[in-house]
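Here are my notes on the model, as numbered points you can check against the coordinates. I begin with individual residues, then turn to charged pairs and helix packing.

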Amino acid sequence: MKNEILLDAVRQYGSPLYVYNSNKIKSQFIKLTESFKNVKKLQINYAVKASSNISILKYLINMGAGIDAVSIQEVKLAIKAGVEPNKIIYTPNGVSLDEIEKVAKIGAKINIDNLAVLEEFGNKHKKIPVCIRINPHIMAGGNSKISVGHIDSKFGISIHQAPHIERIVENTGLIINGVHMHTGSDILDIDVFLNASEILFRIAEKFKNLDFIDFGSGFKVPYKPGDSETNIEELGRKLTKRFNTFCENYGKDLTLMFEPGKFLVSEAGKFLCKVNSIKQTTSTVFAQIDSGFNHLIRPMMYGANHFIENISNPNDIERYYSVVGYICETDTFANNRKISSISPGDILSFSNAGAYCFSMSSNYNSRYRPAEVLYIENELKIIRKREVFEDLIKNQVEINL
Ligand SMILES: *Cc1c(COP(=O)(O)O)cnc(C)c1O
């Protein structure tokens with residue numbers, strides 16, 4: 001999206017503001033499906049938690065995406081957005097059996113990641129097929145805060161517990177329709193992914209009623225110009241070959257599934273903020289913006305490095321700024337970042353704001369959550385209104401004192 005469009009969005013809808021480029025979501029979706037075009041049955045399930053706006057869901061569902069949901073509320077949102085229940089895979093962690101049963105009744109695919117739950121579910125509902133989430137204990141990426149495949153991770157059933165899984169399946173008569181892994185974000189090394197896949201294939205062989213193998217997600221996207229990313233085309237070529245051989249040996253064309261969040265929506269999003277003031281201290285120049293970790297928490301929570309541009313004044317002398325928010329906590333977006341000279345009133349644009357940004361926002365400091373805009377067919381369309389004072393108090397009960 002050109003700066004002019006982004007500035008126009010702020011003029012129309014105010015700041016701070018999230019703007020998503022539908023063309024980028026589409027091109028990422030096509031890039032992924034094209035990379036696996038030689039797989040007979042492919043299903044891309046969009047991970048709702050990355051960005052859960054119903055219009056984004058609808059846009060992806062209309063392109064043919066299924067849905068990866070981690071809560072019953074995400075399942076309901078996806079159905080409201082128009083997806084067929086059987087194109088949803090529900091991959092919860094640590095939820096109640098009651099919630100799993102409710103989602104099973106809705107008709108979504110169930111993915112279980114706990115031996116005790118598998119046994120309990122199997123004893124009660126052996127007619128409902130389930131998928132098993134395996135933890136192959138392969139470390140994804142370099143950032144342990146977003147890796148979920150390590151040995152002491154709470155996610156998945158350890159590959160070392162494979163005999164237990166088989167025993168439970170035998171005793172309960174459960175039908176296993178899929179095997180799944182998701183080892184976390186930012187996988188760069190394709191061989192690491194392929195090694196984890198081998199572990200998944202080995203366990204898949206043990207079950208005779210599979211419909212699909214779900215390889216999860218964790219593709220790395222670039223965060224700044226020149227940044228590295230997962231080579232999807234290469235992964236596509238290598239995994240397709242291996243998957244097709246597996247299906248041949250297995251004697252059935254299984255569905256190959258992925259469940260990307262970040263890959264589909266991260267780069268599509270820009271977060272736009274206005275600079276309230278410039279504060280010069282003895283050592284640092286702060287650019288103070290009209291936002292904080294209430295709107296974008298990834299830099300503070302994961303140390304995520306979001307590329308920042310001054311789109312009001314893009315080509316001036318670059319200076320070093322620490323970009324900070326207005327929350328009464330330390331809420332540093334970036335330390336000593338080189339940015340084109342900033343004046344109060346300028347609009348800063350944060351890249352990669354499409355995934356895990358708005359969906360992690362809050363009302364901390366009693367601030368309103370921003371509006372969201374989708375740029376589609378050369379038009380800016382509001383897809384979430386900015387909150388107002390009533391939103392802050394609508395569920396609060398003021399008792400008589
Ligand atoms: C979060 C999540 C995803 C999406 O991960 P990305 O890194 O955004 O692609 C996929 N599957 C499961 C089970 C998840 O929890």
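1. Ile 311 counts as buried, at 4% relative accessibility; buried means under 20% relative accessible area, exposed means over 50%, and partly exposed lies in between, using a 1.4 Å probe and protein chains only. This residue sits in the loop between β13 (308-310) and β14 (318-324). Helices (H or I, at least four residues) and strands (E, at least two) are DSSP runs, numbered from the N terminus. Leaving aside neighbours within four places in sequence, Ile 311 is in contact (heavy atoms within 4.5 Å) with Asn 3, Leu 6, Leu 7, Leu 272, Ile 347 and Ser 349. For one of these partners, Leu 272, the C-alpha atom is 9.2 Å from that of Ile 311, with the two positions 39 residues apart along the chain.

2. Please keep in mind that this is a predicted model, in which local features need pLDDT of at least 70 and side-chain atom pairs count only at pLDDT 80 or more, while totals for chains, interfaces and linings use all residues. Residues are numbered from 1 along each chain as its sequence is written, and side-chain values use heavy atoms, with hydrogens and water left out.

3. Is Asp 214 buried or exposed? Asp 214 is buried, with a relative accessible area of 0%, and belongs to strand β9 (residues 212-214). Not counting residues up to four places away in sequence, Asp 214 touches Asn 45, Ile 89, Val 179, His 180, Met 181, Leu 200, Met 257, Phe 258 and Glu 259. If you would like a long distance to check, the C-alpha atoms of Asp 214 and Ser 283 are separated by 51 Å, and these residues are 69 apart along the chain.

4. Now the charged pairs. Side chains of opposite charge can pair when their charged atoms come close. How many salt bridges does a search of the whole structure find? The search gives 12, where a salt bridge is a side-chain nitrogen of Lys or Arg within 4 Å of a carboxyl oxygen of Asp or Glu.

5. One salt bridge joins Glu 198 to Arg 242, with the closest N and O atoms 2.6 Å apart. Glu 198 lies in helix α8 (residues 190-204) and Arg 242 in helix α9 (residues 232-250), so this pair ties together parts that are 44 residues apart in sequence. Both ends are partly exposed: Glu 198 has a relative accessible area of 26% and Arg 242 has 27%.

6. Helix α9 also holds a salt bridge between Glu 234 and Lys 238, whose closest N and O atoms are 2.8 Å apart. The two residues are separated by about one helical turn because they are 4 residues apart in α9. Glu 234 is partly exposed at 24% relative accessibility, and Lys 238 is partly exposed at 37%.

7. Arg 369 and Glu 387 form another salt bridge, with 3.1 Å between the closest N and O atoms. This pair links distant parts of the chain, 18 residues apart: Arg 369 is in the loop between β16 (347-350) and β17 (371-376), and Glu 387 is in the loop between β18 (379-384) and α12 (389-393). Arg 369 is partly exposed, with a relative accessible area of 25%, whereas Glu 387 is buried at 15%.

8. On to helix packing. Helix α5 (residues 97-106) and helix α6 (residues 115-124) pack at about 50°, with axes 11 Å apart; axes are lines fitted to C-alpha atoms, for helices over the stretch in contact, and angles run from 0 to 180 degrees between N-to-C directions. The two helices are therefore oblique to each other (angles under 35 degrees count as roughly parallel, over 145 as roughly antiparallel, 65 to 115 as roughly perpendicular and the rest as oblique). On the α5 side, Leu 97, Ile 100, Glu 101 and Ala 104 meet Val 117, Glu 120, Phe 121 and Lys 124 of α6.

9. Helix α6 packs against helix α7 (residues 162-172) as well, at an angle of about 10° and with axes 9 Å apart. That makes α6 roughly parallel to α7. The contact brings Leu 115, Leu 118, Glu 119, Gly 122 and Asn 123 of α6 together with His 164, Ile 165, Ile 168 and Thr 172 of α7.
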